[in-house]
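Work through the exercises below with the sequence and the model open. Each task is followed by a solution in steps.

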Amino acid sequence: MGLLRDAAALFKLRLASLVVFSAGLGYWMGSPAGALDVGGLLLLLLAGTLVTGASNAFNQVWELNTDALMQRTAERPLVRGSMSVTTALVLATAAGIAGLWMLWAAFGVLTAILGLLSLFMYVALYTPMKRLSPWAVFVGAFPGAFPPMLGHVAATGQFGLTPGLLFAGQFMWQFPHFWAIAWVLHDDYARAGFRLLPSGERDRSSAFLILLYTLFVIPVGMLPWVFDRVGTVAPVVAIVAGLVMLVPAWKLYRTGDTRQARRLMFASFLYLPAVQLAYVLDRS
């Protein structure tokens, strides 16, 4: 049980489930109406969990020293010493290879390439950049936006406008989402040398950019309707969910209160599944 519990923490399964859920909705949206391949969906969810878990595991190996400095990561298995680095690398490598092979075998080379790019950009680009520059958030937004696009490509076997729109929506959403987290955890991140807010500090400049990018989320979320990929309900959901994010973003700009950043963070957790589910149920 101890190894399983440590493996779950190493793979960050709760976070991975959110990522994989997004990929599943992309797969559903790319499937013909009324003809969802449930077996294919379950296979995609499993492969996505393995690839995302591998990314998280490699990230924890890379950041072992800095994780030991932060309260929120001090109980991770590598930091506590309940799992060795060798074991973590073996598990991460095995999960990554298995997940990518499943994507390639079941859904084709394009889906596997997206999975590989996502893993590479998260581990080899985003992770080392976190200690160097706030631009790491921009770099990390690319692999973070891949899941719904990957899911759609898995269902259709090709790229196109719709997976591009799904990518755009999730890409833009990540900035207020991640910056809200960075605002809440700023002091803890600072212990490890991470300064991930736009200006590097909890200041009015960072709050303004959080507000600005939250505003951008609303029109970008309406693009599937603009390009006739969904009906009239989905854009309403996108507007309402965007406004739910915008209110705390505005209050954060006005007050600099960390409680508003926390409210924005939770609102962003609700935005993505609500809007993407609306896309699926209201597709044209």
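## Exercise 1. Loops and backbone angles

Lys12 is found in the loop between helix H1 (2-11) and helix H2 (13-30). The model is a predicted one.

Task: State what is notable about the phi of Lys12 and of Asp228.

Solution.
- Step 1. Most residues other than glycine have a negative phi.
- Step 2. Lys12 has a phi near 50 degrees, a positive value although the residue is not glycine.
- Step 3. Asp228 also has a positive phi, near 60 degrees, and is likewise a residue other than glycine.
- Step 4. Asp228 sits in the loop between H12 and H13. Its relative accessibility is 56%, so Asp228 counts as exposed.

## Exercise 2. A polar residue in H3

Task: Decide whether Gln60 is buried or exposed, and list what Gln60 is in contact with.

Solution.
- Step 1. Find Gln60 in helix H3, which covers residues 38-62.
- Step 2. The cut-off for buried is under 20% relative accessible area. Gln60 has 1%, and therefore is buried.
- Step 3. With neighbours within four places in sequence left aside, the contacts of Gln60 are Ala9, Leu10, Lys12, Asp67, Arg76, Pro77 and Leu78. One of these, Lys12, is the loop residue between H1 and H2.

## Exercise 3. Salt bridges

Task: The whole structure has eight salt bridges. For the pairs Glu75 with Arg80, Asp188 with Arg191, and Glu201 with Arg195, give the N to O distance and the exposure of each partner.

Solution.
- Step 1. Side chains of opposite charge can pair when their charged atoms come close. The cut-off used here is 4 Å between nitrogen and oxygen.
- Step 2. In the bridge between Glu75 and Arg80, the closest N and O atoms are 3.8 Å apart. Glu75 is exposed because its relative accessible area is 57%; Arg80, at 42%, is partly exposed.
- Step 3. In the bridge between Asp188 and Arg191, the closest N and O atoms are 2.7 Å apart. Both residues belong to helix H10 (residues 186-191) and are three residues apart, about one turn of the helix. An α-helix has 3.6 residues a turn, so residues three or four places apart point the same way.
- Step 4. Asp188 has 7% relative accessibility and so counts as buried. Arg191 has a relative accessible area of 44% and is partly exposed.
- Step 5. Glu201 and Arg195 meet through their side chains at 3.4 Å, N to O. Glu201 is partly exposed at 37% relative accessibility, and Arg195 is partly exposed at 37%.
- Step 6. Shared partners join Asp6, Glu75 and Arg80 into one salt-bridge network.

## Exercise 4. The nonpolar core

Task: Name the residues that touch the most other members of the largest nonpolar core, and list the contacts of Leu196.

Solution.
- Step 1. The largest nonpolar core has 82 residues, and Leu103, Tyr189, Leu196 and Tyr271 touch the most other members.
- Step 2. Helix H9 (residues 161-184) contributes the most to this core, with 13 residues.
- Step 3. Not counting residues up to four places away in sequence, Leu196 touches Lys130, Pro134, Ala136, Val137, Phe178, Trp179, Ala182 and Tyr189.

## Exercise 5. Helix H13

Task: Compare the reach of H13 with the expected value, then find what covers its buried residues.

Solution.
- Step 1. H13 (residues 233-255) has 23 residues. From first C-alpha to last, H13 reaches 34 Å, close to the 33 Å expected at 1.5 Å a residue.
- Step 2. The buried residues of H13 include Ala234, Pro235, Ala238, Gly242, Met245, Pro248, Leu252 and Tyr253.
- Step 3. Their cover includes H9, helix H11 (204-221), helix H12 (223-226) and helix H14 (258-281).
- Step 4. After H13 comes Gly256, with a positive phi near 70 degrees.

## Exercise 6. A nonpolar surface patch

Task: Which residues form the nonpolar patch on the surface, and which helix gives the most to the patch?

Solution.
- Step 1. The patch consists of Trp101, Trp104, Val109, Leu110, Ile113, Leu117 and Phe159, with about 700 Å² of accessible area together.
- Step 2. Helix H6 (85-107) and helix H7 (109-129) each supply at least two of its residues. H7 gives the most, with four residues.
- Step 3. Trp101 lies in H6. Trp101 counts as exposed because its relative accessibility is 54%.

Conventions. Residues are numbered from 1 along each chain as its sequence is written. This is a predicted model: local features need pLDDT of at least 70, side-chain atom pairs count only at pLDDT 80 or more; totals for chains, interfaces and linings use all residues. Side-chain values use heavy atoms; hydrogens and water are left out. A nonpolar core is a set of buried Ala, Val, Leu, Ile, Met, Phe, Trp, Tyr and Cys residues joined through side-chain atoms within 4.5 Å. Buried means under 20% relative accessible area, exposed over 50%, partly exposed in between (1.4 Å probe, protein chains only). Contact means heavy atoms within 4.5 Å. Patches are made of residues with over 30% relative accessible area and no salt bridge: like charges are joined within 9 Å, nonpolar side chains (Val, Leu, Ile, Met, Phe, Trp, Tyr) within 5 Å. Accessible areas come from the Shrake-Rupley method with a 1.4 Å probe; for residues, only the protein chains shown count as cover. The expected span of a helix is 1.5 Å times one less than its number of residues.
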